[in-house]
Amino acid sequence: MITVHHLNRSRSHRILWLLEELEAPYEVRRYERNQKTNLAPPELMQIHPLGKSPVIEMDGRVISESAAIIEVLCAAYGPQMIPPAGSDAHVQHLELMHFAEGSAMPPILLNLYVGTLGDAGAPLQPRIEQQLDSHFTYMEQILRPSGHFVLDQLSAADIMLSFPAEIAMRLGRRADFPQLADFVERIHARPAYTSAFEKGGGD
Ligand SMILES: N[C@@H](CCC(=O)N[C@@H](CS)C(=O)NCC(=O)O)C(=O)O
């Protein structure tokens with residue numbers, strides 16, 4: 001049995017969504033963000049020293065980092081979600097699995113944190129805006145006519161990139177990035193996405 005340590009309004013939705021797509025057996029332990037600080041509760045530190053989510057327990061291992069968790073779950077339950085090793089698509093897929101957290105998320109987080117500084121953060125804002133634009137534009141441009149990032153069907157990269165794409169929409173960038181907006185609409189319409197949302201507590 002897989003246990004998903006799920007924090008509300010977090011990247012761990014990716015994991016619930018994947019598990020629902022793969023119809024894999026799992027249980028969810030839910031954690032709520034502190035209403036004032038928005039941080040994870042200290043109980044998550046008892047599962048993993050970073051105290052963040054997602055974390056899963058599987059086959060006696062505690063596994064963190066959404067991309068790593070997704071790779072492990074696809075290897076066990078959904079090899080069709082990752083292009084065959086040795087293909088061009090596999091290399092592109094690998095890049096995007098890393099791009100999602102390693103490149104797309106840093107400007108999003110900087111925007112969040114620097115935004116709390118008010119005028120003190122103003123000198124950094126142009127660079128942050130430029131980086132947000134550059135990463136969202138890249139995502140917009142590489143979306144395929146099928147509405148997926150790599151294959152013409154759902155892949156693990158689509159699941160990893162769903163989080164920054166949703167944030168682009170929350171930042172009000174729908175009109176600037178219409179392909180990304182369609183992507184977000186389409187994933188939200190998937191039954192597995194909706195049931196993952198409910199399993200996660202609907203928040
Ligand atoms: N790179 C990690 C990021 C994990 C992460 O930062 N999770 C956030 C939720 S989206 C978290 O747990 N934040 C709560 C906190 O930092 O207290 C991943 O992809 O899993």
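**Figure 1. Pairing of strands β3 and β4 in the predicted model.** Strand β4 covers residues 61-64 and runs antiparallel to β3, to which four bridges join it. One of the paired positions is V55, whose bridge partner in β4 is S64. The two strands form a hairpin with two residues between them. In this hairpin D59 takes a positive phi near 50°.

**Figure 2. Strand β1 and its two pairings.** Strand β1 is made up of residues 2-7 and β3 of residues 55-58; the two run antiparallel and are joined by three bridges. T3 stands opposite E57 of β3. With strand β2 (residues 26-31), β1 pairs in the parallel sense, over six bridges. Here I2 stands opposite Y26 of β2. Five of the six residues of β1 are buried, so the strand is largely enclosed by the rest of the structure. In a regular strand the side chains alternate between the two faces of the sheet.

**Figure 3. Residues around the ligand.** The surrounding residues are L7, S10, R11, L39, A40, G51, K52, S53, P54, E65, S66 and E101. By class, this shell divides into four charged, four polar and four nonpolar residues. Two members of the shell, S53 and P54, are joined by a cis peptide bond with omega of about 10°. P54 sits in the loop between β2 and β3.

**Figure 4. Surroundings of I15 in helix α1.** I15 is buried because 28 other C-beta atoms lie within 10 Å, and 20 or more is the cut-off for that class. Apart from neighbours within four places in sequence, I15 is in contact with V4, P54, I56, S66 and I69. Two of these contacts, P54 and S66, also belong to the set of residues that surrounds the ligand. V4, another of the contacts, is 11 residues from I15 in sequence, and the C-alpha atoms of the two are 7.7 Å apart.

**Figure 5. Positive phi values at two loop residues, E23 and N38.** E23 lies in the loop between α1 and β2, and its phi is near 55°, a positive value in a residue other than glycine. N38 is found in the loop between β2 and β3; its phi, also positive, is near 70°. Which class of exposure does E23 fall into, given its C-beta neighbours inside 10 Å? E23 counts as exposed because there are 9 of them, and the limit for that class is 12 or fewer. N38 is exposed as well, with 9 other C-beta atoms within 10 Å.

**Figure 6. Position of E71 in helix α2.** E71 is partly exposed, with 17 other C-beta atoms within 10 Å. That class holds residues in between the limits for buried, 20 or more, and exposed, 12 or fewer. M97 is 26 residues from E71 in sequence, and the C-alpha atoms of the two residues are 9.2 Å apart in space.

**Figure 7. Helix α5, its bend and its cover.** Helix α5 runs over residues 156-170 and has 15 residues. From its first C-alpha to its last it reaches 22 Å, close to the 21 Å expected at 1.5 Å a residue. At S162 the helix bends by about 40°, and a proline, P164, follows within four residues. Both S162 and P164 are among the buried residues of α5, which also include A156, A157, D158, I159, M160, L161, A165 and A168. An α-helix has 3.6 residues a turn, so residues three or four places apart point the same way. The buried residues of α5 are covered by parts of the structure that include α1 (12-22), α2 (66-77), α3 (88-115), α4 (125-142) and α6 (178-188). Just after α5, G172 takes a positive phi of about 80°.

**Figure 8. Y193 in helix α7.** Helix α7 spans residues 191-199. Y193 counts as partly exposed, with 18 C-beta neighbours inside 10 Å. Which residues does Y193 touch, not counting those up to four places away in sequence? They are W17, I187 and H188. Q131 is 62 residues from Y193 along the chain, and their C-alpha atoms are separated by 29 Å.

Definitions and conventions:
Residues are numbered from 1 along each chain as its sequence is written. A residue is near a molecule or strand if its C-beta atom, placed from the backbone, lies within 6 Å of it. Ala, Val, Leu, Ile, Met, Phe, Trp, Tyr, Cys and Pro count as nonpolar, Asp, Glu, Lys and Arg as charged, and the others, Gly among them, as polar. Two strands pair if DSSP finds at least two bridges between them. The expected span of a helix is 1.5 Å times one less than its number of residues. The bend at a residue is the angle between axes fitted to the seven residues ending there and the seven starting there. Two residues are in contact if their C-beta atoms, placed from the backbone, lie within 7 Å.
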